[in-house]
Amino acid sequence: MFIEPKNNRGWIEVVCGSMFSGKTEELIRRVKRAKIANLKVRIFKPKMETRYDKVKVVSHDDNYVDSFPVDHSGEILRWIDDVEVIGIDEAQFFDEELPAVCHQLANMGKRVVIAGLDMDYMAQPFGVMPNLMAMAEYVTKVHAICMQCGDVAQYSYRFTKSGGQVQLGEKDQYEPRCRSCYIKGMASQQAGKRR
Ligand code: ZN
């Protein structure tokens, strides 16, 4: 479990993993602890991420913290005057300037907590996540449970090949899988079967 360092210098934390791995829950846990410590916190997310609710970051157990939807990562800099801890959810959907923005925030002495998908459904690094992981002081990889075999899962397996890298509001088309079940599934898809 991540224990936050106690200093006033800025730094970057990344919480990453597949779908259903509890990334947002971990982000919220950290932000809530900062609130308990009387720190001013704010969570941002990309405006396109509207699966559940436009204003709140909602995790699966309805554990929510208010958040600001923004069109572009640069907008974050306009809303952080007295904010000490900045959360960023669904970071993989942000534009490519997000790493520079996070760097700037940390240099200003702010703590930046980022949650995002590390890989897309093709098991490729997702958007700016690899850059953020490289720049962060702390990286935590959280894992889901493979729905095929019950092992630890790191892949977001998608049942259909249609559509692009991003498919929102269709969580029922995905399931978390371990390496071997993911590979089996992809091979079956290649062979033209559904699984
Ligand atoms: Zn498995």
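**Exercise 1. The zinc site**

Work out how the donor residues of the zinc ion are spaced in sequence, and what geometry the site has.

*Step 1.* Read off the spacing: the donor residues of the zinc ion follow the pattern C-x2-C-x28-C-x2-C. This is a predicted model, in which local features need pLDDT of at least 70, side-chain atom pairs count only at pLDDT 80 or more, and totals for chains, interfaces and linings use all residues. Residues are numbered from 1 along each chain as its sequence is written, and side-chain values use heavy atoms, with hydrogens and water left out.

*Step 2.* Now name the donors. They are Cys146 (SG), Cys149 (SG), Cys178 (SG) and Cys181 (SG), lying 2.3 to 2.4 Å from the zinc ion. Donors are N, O and S atoms within 2.8 Å of the metal (3.2 Å for Na, K and Ca); water is not among the atoms, so sites may look incomplete.

*Step 3.* Check the angles. Among the four donor atoms they run from 100 to 119°, and the site is tetrahedral. Four donors earn that label if all angles lie between 85 and 135 degrees. For reference, the ideal angle for four tetrahedral donors is 109.5 degrees.

*Step 4.* Place two of the donors in the fold. Cys146 sits in the loop between β8 (144–145) and β9 (152–153), and Cys178 in the loop between β11 (174–177) and α4 (179–190), so this pair ties together parts that are 32 residues apart in sequence. Helices (H or I, at least four residues) and strands (E, at least two) are DSSP runs, numbered from the N terminus.

*Step 5.* Add accessibility: Cys146 and Cys178 are both buried. Buried means under 20% relative accessible area, exposed over 50%, and partly exposed in between (1.4 Å probe, protein chains only).

**Exercise 2. A neighbour of strand β11**

Find where Glu175 lies, and decide whether it is buried or exposed.

*Step 1.* Glu175 belongs to strand β11.

*Step 2.* With a relative accessible area of 6%, Glu175 is buried.

*Step 3.* Look across the sequence: Glu175 and Ile145 are 30 residues apart there, while their C-alpha atoms are 9.2 Å apart in space.

**Exercise 3. Aromatic pairs**

Count the aromatic pairs in the whole structure, then classify the pair of Phe2 and Tyr138.

*Step 1.* The search finds seven aromatic pairs. Rings of Phe, Tyr and Trp (its six-membered ring) pair if their centres lie within 6.5 Å; planes under 30 degrees apart count as stacked, over 60 as edge-to-face and the rest as tilted.

*Step 2.* For Phe2 and Tyr138, the ring centres are 5.3 Å apart and the planes meet at 70°, so the pair is edge-to-face.

*Step 3.* Phe2 lies in the segment before β1 (11–17) and Tyr138 in strand β7 (residues 138–141), so the pair ties together parts that are 136 residues apart in sequence. Phe2 is buried at 12% relative accessible area, whereas Tyr138 is partly exposed at 33%.

*Step 4.* Try another pair, Tyr157 and Phe159: their ring centres are 5.5 Å apart and their planes are at 85°, so this pair is edge-to-face. Tyr157 is buried at 0% relative accessibility, and Phe159 is buried at 10%.

*Step 5.* Widen the view: ring pairs link Tyr155, Tyr157, Phe159 and Tyr182 into a cluster.

**Exercise 4. Positive phi**

Compare the settings of Asn38 and Glu90, given the phi of Asn38 and that of Glu90.

*Step 1.* Start with the background: most residues other than glycine have a negative phi.

*Step 2.* Asn38, although not a glycine, has a positive phi of about 65°. Its place is the loop between α1 and β2 (41–46), and Asn38 is exposed, with a relative accessible area of 70%.

*Step 3.* Glu90 is not a glycine, yet its phi is positive at about 50°. Glu90 is found in the loop between β5 and α2 (98–107), and is buried at 9% relative accessible area.

**Exercise 5. Contacts across the chain**

Locate Thr24 and Gly74, and find how far each is from a partner in space.

*Step 1.* Thr24 is in helix α1 (residues 23–36) and is buried, with a relative accessible area of 12%. Thr24 and Ile114 are 90 residues apart in sequence and 9.3 Å apart in space, C-alpha to C-alpha.

*Step 2.* Gly74 lies in the loop between β4 (64–70) and β5 (85–88), and counts as partly exposed at 26% relative accessibility. From Gly74 to Val101 the C-alpha distance is 6.5 Å, with their positions 27 residues apart in sequence numbering.

Definitions and conventions:
Four donors count as tetrahedral if all angles lie between 85 and 135 degrees; four count as square planar and six as octahedral if opposite donors are over 155 degrees apart and all others between 65 and 115; anything else is irregular.
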